[in-house]
Amino acid sequence: MMLLPRNVGPLTLIKKIGSSGVSETFAGTIRHEKGGKENVVIRRVLPFITEDLARLTSVEARVKDLKGLRHEGLVKTMGWFPHKNERFVIEEKLETVDLQRVISWCKERKISIPTTMFLNIASQICTSLEALHAQSGSATGCKNILHLGLRPTSILLDEHGKVTFGGYAYTRSPSSLPGGSSGPVQLRIEYLSPEQTKSTEQLGPQSDIFSLGSVFYEMVTLKPLFKESSKQRTIERIRRADVTAQMMETKKIHPGLEKILFRALSIRQEHRYRRAFVLREDLRGLMAIHSFSNIDKESEEFLAPFFATEKASTTTTDKNETLTVQPTNDLGLKEALVREW
């Protein structure tokens, strides 16, 4: 087990906040050459990747593509830092709450996400996803950069309800990792598309859109769409993609949404929405019967409990010094931080 906090060059890993089949995620800081520290998210690439040249090369190319993303709705990948036999990816840290926390909070209190707030968030998610898919990957040669790990924890909300995407996956799916869906760590597979569970099928924007359909269903019902008692049974449900009963449930809550989700969750890629902006336009058809004149205030009031907690806690370094947050467009990283490979 890694002892924290841990200093790695200009980086300090303070608290572990998550893991995937490829990396461990830490809240941390980066020290600037000109002084001051900045809060960042640090993802440590796991040893089974760094010890395998082919896998490491693939992840490096993926990170390089992500590093080129520039859109207000997408978390910035700031750099790639090699340290001895380890590799770290540095991402910007935002003052946000992830959608999973919001869903869990609503479920505990048996309350629903308000209709206008759901539609507003869903529309923004589509905008961010379209911005991601609109960019090609020069390092990987992909026509559209995909998220590949879209789930509630990768959707971030600020205190006003503004959406930002993060938590990009570095590989096509957990099924491509050693041990298949069981993998070297506990993985979240219930948001995969059917084709992501098979190593031979091509992936495109429709794969992320299928995952997005699962997320929208959970936002409305507060229940995961495909999760079963075991990973294998979950994969079997995803591959069948039989959601008829669940869509009838959705229809009772948000009439008209079931038609959108049916299309997003089609078992065949060619029958799904090809682009996120088309899905967004269908959502806006549902939005037309609601008023959004006070959506900012409504979102702020609904999300206030999360940010009251965040503001009450002060982030400190291992020396109990308050961190100074620097603008993310001025990295000032040490020369060892590799910007181009």
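**Note on a three-stranded sheet, helix 4 and the core**

1. In this predicted model, strands 7, 8 and 9 form an open sheet in the order 7-8-9, and their pairing is antiparallel. Strand 7 (97–98) and strand 9 (163–165) are the edge strands, each pairing on one side only.

2. Strand 8 covers residues 155–157 and is joined to strand 9 by 3 bridges, the two running antiparallel. Within this pairing, Ile155 has Phe165 of strand 9 as its bridge partner. As background, the strands of a sheet pair through backbone hydrogen bonds, in either a parallel or an antiparallel way.

3. Helix 4, residues 115–133, lies across strand 8 and strand 9. The angle between helix 4 and strand 9 is about 35 degrees.

4. Thr116 is a residue of helix 4. Is Thr116 buried or exposed? Its relative accessibility is 14%, and because the cut-off for buried is under 20%, Thr116 counts as buried. The side chain of Thr116 makes a polar contact of 3.2 Å with the side chain of Glu298. Setting aside residues up to four places away in sequence, Thr116 touches Glu298 and also His290, Ser291, Phe292 and Ile295.

5. The largest nonpolar core holds 74 residues. Which residues have the most contacts inside this core? They are Val102, Phe118, Phe216, Met219, Leu279, Leu283 and Leu303. Helix 4 is the element that gives the most to the core, with 10 residues.

6. Phe118, one of the residues with the most contacts inside the largest core, is in contact with Phe216 and Met219, which are on that list too. The other contacts of Phe118 are Ile113, Val220, His254 and Leu257, again leaving aside neighbours within four places in sequence. Apart from the largest core lies another, of 11 residues, including Leu11, Ile42, Phe81 and Phe88.

7. Helix 8 spans residues 257–264, and its buried residues are Leu257, Glu258, Ile260, Leu261 and Ala264. Seen down the axis of helix 8, these buried residues fall within an arc of 160 degrees, so they line one face of the helix. What do the buried residues of helix 8 pack against? Their partners are helix 4, helix 5 (205–221), helix 7 (244–253) and helix 9 (276–287). Leu257, a buried residue of helix 8, is in contact with Phe118.

How values were computed. Residues are numbered from 1 along each chain as its sequence is written. This is a predicted model: local features need pLDDT of at least 70, side-chain atom pairs count only at pLDDT 80 or more; totals for chains, interfaces and linings use all residues. Side-chain values use heavy atoms; hydrogens and water are left out. Two strands pair if DSSP finds at least two bridges between them. Helices (H or I, at least four residues) and strands (E, at least two) are DSSP runs, numbered from the N terminus. Contact means heavy atoms within 4.5 Å. Axes are lines fitted to C-alpha atoms, for helices over the stretch in contact, and angles run from 0 to 180 degrees between N-to-C directions. Buried means under 20% relative accessible area, exposed over 50%, partly exposed in between (1.4 Å probe, protein chains only). A polar contact is a pair of N or O atoms within 3.5 Å; within protein, one must be able to donate a hydrogen and the other to accept it, and residues adjacent in sequence count only if both atoms are side-chain atoms. A nonpolar core is a set of buried Ala, Val, Leu, Ile, Met, Phe, Trp, Tyr and Cys residues joined through side-chain atoms within 4.5 Å. The arc is that of the directions from the helix axis to the C-beta atoms.
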